Amino acid sequence: MRPTVGLDAVLNAEGTTAPTDQDGLDDATIFEILGNKRRRACLHCLAEHETGMSVSSLGRQVARAVADAGTDSDELYDSVYISLCQTHLPKLDAVGLVEYDHDRKQVAPGPRFDAIRQQFEAARTIEGRSSDTVRAGPVASVLTIAVSAAAAVSPPAARPILLFGLVAVHLFILAVTSTSISPVGY
């Protein structure tokens, strides 16, 4: 029997064999998998945990991650647990992202889990870099106001030096922020 890989493995999860290509997943499969909030939360919990865990424990963590303020936590947990067992974990198992033992109700990262782990690490890196960029904007604004005020009350001979310094600082901030963000390549 030929193994099913890619999006076909996600759409036809029943009766497939484990994918033989463990180097990665195609874009369509990654988008399909990450397109569901509960699957994203499930994979994120496993990435943070890095070991196997019970479906019950995973279900509680996923329920906390996807909960809204007005949601009944017991009812949500039941819904999450059932959807993990019946839908999400079998799909993730079919593409090799998790190893799901249905009988023992245990789940662990699968042979292709690193393909998704890299996506989470890339997202975390971009979040960290973009928060640095956000901080540079207020710094530049405060600096502009301070130097402009100083230039307004300073002697005429000092104004060009202050304004040149202001331009130099803005160019430096622009250079630092523009090199710190790079797009994620797929």
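Here are some numbered notes on the predicted model above, for someone meeting it for the first time.

1. Start with the overall layout. The chain has seven helices and three strands. Reading from the N terminus, the elements come in the order α-α-α-β-α-α-β-β-α-α. The chain holds 186 residues, and 31% of them are buried. If you take contacts between residues at least 6 apart in sequence, 55% of them join residues at least 24 apart.

2. Next, a word on confidence, since this is a predicted model. The average pLDDT for the chain is 76, and 73% of the residues reach at least 70. Two stretches deserve caution. Residues 13-22 stay under 50 in pLDDT, and the model gives them 23 contacts beyond four places in sequence. Residues 181-186 also stay under 50, with eight contacts beyond four places in sequence. Where pLDDT is low, the predicted coordinates should not be read in detail. I'd keep that in mind when looking at either stretch.

3. Now have a look at helix 2 and helix 3. Helix 2 covers residues 27-34 and helix 3 covers residues 37-49; their axes lie 7 Å apart and the packing angle is about 100°. That angle is why helix 2 counts as roughly perpendicular to helix 3. On the helix 2 side, the contact is made by Glu32, Ile33 and Leu34, and on the helix 3 side by Arg39, Arg40 and Leu43. Sorted by class, the residues of this contact are three nonpolar and three charged, with no polar ones.

4. Helix 3 has another partner in helix 5, which spans residues 73-94; here the axes come within 10 Å and cross at roughly 80°. With that crossing angle, helix 3 is roughly perpendicular to helix 5. Helix 3 brings Arg38, Arg39, Cys42 and Leu43 to this meeting, while helix 5 brings Leu76, Ser79, Val80, Ser83, Leu84, His88, Leu89, Lys91 and Leu92. By class, that contact has seven nonpolar, three polar and three charged residues. Arg39 and Leu43 are worth finding on screen: both are listed in the contact with helix 2, and both turn up again in the one with helix 5.

5. Which side chain does Arg38 reach with a polar contact? Arg38 sits in helix 3, and its side chain makes a polar contact with the side chain of Ser79, at 3.2 Å. Ser79 belongs to helix 5's part of the helix 3 contact. Setting aside neighbours within four places in sequence, Arg38 is in contact with Val62, Val66, Leu76, Ser79, Val80, Ser83 and His88.

6. Moving along the chain, there is a loop between strand 2 (98-101) and strand 3, and Lys105 is found in it. Lys105 has a positive phi of about 55°, although this residue is not a glycine. Lys105 counts as partly exposed because its relative accessibility is 24%. His102 lies in that loop between strand 2 and strand 3 too, and with 44% relative accessibility His102 also counts as partly exposed. The C-alpha atoms of His102 and Leu89 are separated by 9.0 Å, with the two positions 13 residues apart along the chain. Leu89 may ring a bell as one of the helix 5 residues that meet helix 3.

7. Is Gly110 buried or exposed? Gly110 is buried, because its relative accessible area is 13%. You'll find Gly110 in the loop between strand 3 (106-109) and helix 6 (113-153). Not counting residues up to four places away in sequence, Gly110 touches Gly96, Leu97, Val98 and Glu99. Measuring C-alpha to C-alpha in the model, Gly110 and Ala94 are 10.0 Å apart in space and 16 residues apart in sequence.

8. Finally, pick out Gln118 in helix 6. Gln118 is exposed, because its relative accessible area is 51%, whereas Gly110, in the loop leading from strand 3 to helix 6, is buried. Gln118 and Ala47 are 71 residues apart in sequence, yet their C-alpha atoms are 9.8 Å apart in space.

Definitions and conventions: Residues numbered from 1 in each chain as written. Heavy atoms only, no water. Axes fitted to C-alpha atoms, helices over the stretch in contact; angles between N-to-C directions. Helix = DSSP H or I, 4+ residues; strand = E, 2+ residues; numbered from the N terminus. Parallel < 35°, antiparallel > 145°, perpendicular 65-115°, else oblique. Contact = heavy atoms within 4.5 Å. Nonpolar A, V, L, I, M, F, W, Y, C, P; charged D, E, K, R; others polar. pLDDT = per-residue confidence, 0-100. Polar contact = N/O pair within 3.5 Å; in protein donor to acceptor, adjacent residues only side chain to side chain. Buried < 20%, exposed > 50% of the residue type's maximum accessible area, 1.4 Å probe, protein only.
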